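Got a minute to go through the calls made on this fold? Let's ask what stands behind each one.

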Amino acid sequence: MTVSRTETSRQGTRHDLSGHIAVVVGGSSGIGAAAAELFAAAGALVGIFGRNEQAAKEVLGRLPEGSKGSWFACDATDERSVKRAFADLERKFGPPTILVNSAGLLESGTAEDTSRQLWDEIFDVNVTATFLCAREAARVMRRQGHGSIINVSSEAGLMGIRGLAAYSAAKAAVIELSRCMALDLADAGVRVNCVCPGTTRTPMVLNAIAKTHDPAAALARYEARPLGRLGTPQEIAMAIAYFAGNDAGYTTGAVLAVDGGNTA
């Protein structure tokens, strides 16, 4: 029997998301891009929500042969843009059954030296965008009686980290939003879970490291964790895929640290 490239990819993911329609907010880079590729390999239709069409199309070009995906213009911090993107997705593919909120903004600063403008920007991208997209997806999923929402927080939302006051506060807010939504949506058959990556080798993290006064020393600090290295976007995506599929059917309100043991 000849096994197609797509079938091989699905076997390799250890997940079956056939028949699902997955929205990945921030799916044009880093963890979101890895999740989009993994979902497509597992059989899902994938909608990438974001502002960078070119980057999204590069990710779509890497999807397995035979899979379906599309970019939908969306500023996730803008309510009207979010509503429009979900409506466009539903017209093209149908109502979403999976949502991944992976858009993020990482900027350093203590509470003393963080400007109000930077504080607002960090909360807009990390918290408000998560809220707006999760709320829109929840309304659709409640109508259909099922769905899975996965919000990407950070180990910074689980512990205090020097020099990351606004980012840590924002990521902690994502965790609590996820828990509250899990309770509020349980009676509708909609699950909400949260993944907290450790320092992961993404463009966002590498850019933040490069902006420090001593990038080599900063990288060494991030690697000084029990597993002795940074995570990969693909490793975080595997955790996201677990929450997305039927294997996690009895799991909601969970907060999973995928951080190389750093918060242990």
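**What's behind the labels**

Q: What makes α2 largely enclosed by the rest of the structure?
A: In α2, 11 of the 12 residues are buried, so the rest of the structure largely encloses this helix. Buried means under 20% relative accessible area, with exposed over 50% and partly exposed in between (1.4 Å probe, protein chains only). Among the buried ones are G30, I31, L38 and F39.

By the way, this is a predicted model, where local features need pLDDT of at least 70, side-chain atom pairs count only at pLDDT 80 or more, and totals for chains, interfaces and linings use all residues. Residues are numbered from 1 along each chain as its sequence is written, and side-chain values use heavy atoms, leaving out hydrogens and water.

Q: Why is α2 called a helix?
A: Helices are DSSP runs of H or I with at least four residues, and strands are E runs of at least two, numbered from the N terminus. α2 (residues 30-41) has 12 residues, so it qualifies.

Q: How do you know what span to expect for α2?
A: Take 1.5 Å times one less than the number of residues. That gives 16 Å, and α2 reaches 17 Å from first C-alpha to last, close to the expected value.

Q: What makes β5 and β6 a pair?
A: Two strands pair if DSSP finds at least two bridges between them. β5 (residues 147-152) and β6 (residues 190-197) have 6 and run parallel, so they count as paired.

Q: Why is one side of β3 and of β7 left without a neighbour in the sheet?
A: The open sheet runs β3-β2-β1-β4-β5-β6-β7. β3 and β7 stand at its edges, each with a single partner strand, so one side of each has no neighbour there.
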